[in-house]
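The following account leads through a single protein chain, taking its sheets, its cores and its helix packing in turn. The reader may wish to keep the coordinates open while following it.

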Amino acid sequence: MPRVVHVGLGAFHRAHQAIYTEDAGWEVCAVAPRSAEVVRALRERGHRYTLLVRDGEHATARTVSSITATLHAPTERDRVVAVLADPGTTVVTLTVTEKAYRPGSAVVALLTEGLAARARRDAGPLAVVSCDNLPGNGRRLRELFEEDAWTRANVTFPSTVVDRIVPAATRADRELTGDPAVVVAEPYTHWVLEDGFPAARPAWERGGALFTGDVTPHERAKIRILNGTHSTLAYTGALIGHEHIATALADPALEALAHRLTAEDVLPSLTPPDGLDLEVYTAAILARMRNTALRHRCAQVAIDGSLKVPIRLLGTVRDRLAAGAHPRWACLAVAAWLRHVSGGADDRGRPLEVSDPLAGRLRSMPPEELLTVPEVFGEDLPYEPAFTGQVLADLRDLARHGAAAVIRRETTT
Ligand code: CS2
């Protein structure tokens with residue numbers, strides 16, 4: 001059976017690409033870039049695991065068997081390089097999170113070695129398919145590799161947009177299925193891919209994937225509406241003391257914030273993809289987030305805000321400022337992130353779970369300097385007084401009055 005090599009063995013891959021690949025009748029050789037634990041758990045069970053789809057009161061289980069081999073990159077590097085250089089491998093997919101899109105990251109180093117070995121063997125063309133939530137993810141990935149003549153002639157990096165809410169599985173999920181390696185997901189799943197596969201690929205369209213010439217309008221809409229709202233709810237929800245995204249969205253003040261953020265800031269910044277009504281799309285996304293069975297923790301979505309906020313919220317901010325508009329709600333969301341990452345405690349003074357590579361640095365800075373960090377705000381936003389003035393005022397307000405009071409007041413005036 002033909003095979004895809006996948007790098008990044010998290011729950012998202014197992015609830016998304018692994019399913020499309022199974023529906024297309026291909027197998028997956030999955031590479032774990034760091035964790036040995038997931039490799040061990042899957043090997044112990046002959047690589048089979050349960051996908052538990054939860055929707056309110058309903059839960060359906062499916063056994064997934066498309067992953068037929070696993071490799072642990074830190075200890076089995078030669079085998080990973082060999083499979084990347086194998087002429088039987090024509091597609092590599094990746095879910096490696098925002099952090100990996102840095103020159104010289106462990107994932108980039110591994111792929112560079114694999115591509116070099118492939119070039120030496122002249123093992124034929126290959127598509128390397130990023131499935132992370134970054135705009136122009138294929139282009140971003142390609143820029144991390146030396147474009148030698150062989151790579152230019154043989155390797156493509158199609159951009160893709162992935163969508164499925166996949167929270168960390170809970171003990172209840174493991175008990176219900178009896179499977180320690182269970183992954184949980186919502187019913188909805190979507191995948192839009194740029195055409196541009198130079199060799200054989202799975203017919204992912206059998207599972208509903210869409211191939212198109214340009215994924216940009218899809219990607220902007222998905223990242224700004226879904227992920228932008230998700231991050232906003234994660235930080236404001238955590239500050240107010242909501243454990244899960246669904247309960248955050250059930251809070252009338254946060255629901256109003258989600259509506260106003262999308263309607264007043266995000267949607268006016270977007271060009272709808274063909275045939276997509278953005279208001280209907282937004283309503284459907286908010287309905288998905290209300291799925292209480294998912295137990296999607298605000299703390300999980302909140303991870304790595306310094307990498308996610310620029311992608312999810314600052315594009316909206318920049319486009320609205322350029323149009324002469326004031327992105328009021330996106331500014332409030334950015335302030336909530338800064339309060340979350342640098343303030344340390346929620347509205348009631350309880351410590352927050354913060355996991356962000358910049359947390360230490362941000363915590364040591366006085367509030368008025370936070371907006372000067374170039375990795376997050378670039379060289380332009382620190383000089384946009386409409387943005388900095390609003391975010392700093394919101395930040396002061398959040399510290400003084402708490403997120404619940406500030407968001408209630410702002411969304412009702
Ligand atoms: C979430 C995403 O954890 C997060 O940051 O916003 O994983 C989100 O659930 C997916 O992108 C949905 O497609």
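**Sheets, cores and helix packing**

Strand 3 (residues 49-55) and strand 10 are paired in the parallel sense, over three bridges. The model that shows this pairing is a predicted one. Within the pair, Val 53 has Ala 185 of strand 10 opposite to it. Strand 3 also pairs with strand 4, here in the antiparallel sense and over seven bridges. One of the residues involved is Leu 51, whose bridge partner in strand 4 is Arg 62. Together the three strands make up an open sheet of mixed pairing, in the order 4-3-10. Its edges are strand 4 (58-64) and strand 10 (183-185), each of which pairs on one side only. On average, neighbouring strands in this sheet are turned by 25° against each other, direction ignored.

Strand 4 lies largely in the open, because zero of its seven residues are buried. The hairpin that joins strand 3 to strand 4 has two residues between the strands, and Gly 56 in this hairpin takes a positive phi near 55°. A positive phi also occurs ahead of strand 3: His 47, a residue other than glycine, has a value near 65°. His 47 belongs to the loop between helix 3 (37-44) and strand 3. Is this residue buried or exposed? His 47 counts as buried, because it has 20 C-beta neighbours inside 10 Å. Most residues other than glycine have a negative phi.

The second sheet to consider is an open one of six strands with parallel pairing, in the order 5-2-1-6-7-8. Strand 5 (67-72) and strand 8 (155-156) occupy the edges; each has a single partner strand, so one side of each is left without a neighbour in the sheet. Strand 1 (residues 3-7) and strand 6 (residues 89-94) pair in the parallel sense over four bridges, and Val 7 stands opposite Leu 94 of strand 6. Helices lie across this sheet. Helix 3 lies across strand 2 and strand 5, and runs at about 145° to strand 5. Helix 4 (residues 77-84) lies across strand 1, strand 2, strand 5 and strand 6, at about 125° to strand 6.

The nonpolar cores come next. In soluble globular proteins, nonpolar side chains tend to be buried together. The largest nonpolar core here has 64 residues, and Ala 15, Val 31, Val 92, Val 128, Val 166 and Val 183 are those with the most contacts inside it. Strand 2 (residues 27-32) gives the largest share of this core, five residues. Beyond its neighbours within four places in sequence, Val 92 is in contact with Val 5, Val 7, Leu 84, Leu 126, Val 128 and Val 129. A second, separate core has 53 residues, including Val 266, Ala 330, Leu 381 and Leu 398.

The helices of the later part of the chain can be followed through their packing. The axes of helix 9 (residues 216-240) and helix 11 (residues 252-266) come within 10 Å and cross at roughly 145°. This crossing of helix 9 and helix 11 is right-handed. Among the residues that make the contact are Ile 225, Gly 228, Thr 232 and Leu 233 of helix 9, together with Leu 257, Ala 258, Leu 261 and Val 266 of helix 11. By class, the residues of this contact comprise seven nonpolar, six polar and one charged.

Helix 20 (residues 403-411) has Ala 403, Ala 404, Val 406 and Ile 407 as buried residues. The buried residues of helix 20 pack against helix 9, helix 11, helix 16 and helix 19 (385-401). Helix 16 (residues 328-343) contains Trp 337. Why does Trp 337 count as buried? Trp 337 does so because 28 C-beta neighbours lie inside 10 Å. Leaving aside neighbours within four places in sequence, Trp 337 is in contact with Ser 231, Tyr 235, Gly 305 and Val 309.

A last backbone feature is Asp 304, a residue other than glycine with a positive phi near 60°. Asp 304 is found in the loop between helix 13 (298-302) and helix 14 (305-312). With 17 other C-beta atoms within 10 Å, Asp 304 is partly exposed.

Conventions:
Residues are numbered from 1 along each chain as its sequence is written. This is a predicted model: local features need pLDDT of at least 70, side-chain atom pairs count only at pLDDT 80 or more; totals for chains, interfaces and linings use all residues. Two strands pair if DSSP finds at least two bridges between them. Axes are lines fitted to C-alpha atoms, for helices over the stretch in contact, and angles run from 0 to 180 degrees between N-to-C directions. A nonpolar core is a set of buried Ala, Val, Leu, Ile, Met, Phe, Trp, Tyr and Cys residues joined through C-beta atoms within 7 Å. A residue is buried if 20 or more other C-beta atoms lie within 10 Å of its own, exposed if 12 or fewer, and partly exposed in between; C-beta atoms are placed from the backbone. Two residues are in contact if their C-beta atoms, placed from the backbone, lie within 7 Å. A crossing is left-handed if the near helix is turned anticlockwise from the far one by less than a right angle, and right-handed if clockwise. Ala, Val, Leu, Ile, Met, Phe, Trp, Tyr, Cys and Pro count as nonpolar, Asp, Glu, Lys and Arg as charged, and the others, Gly among them, as polar.
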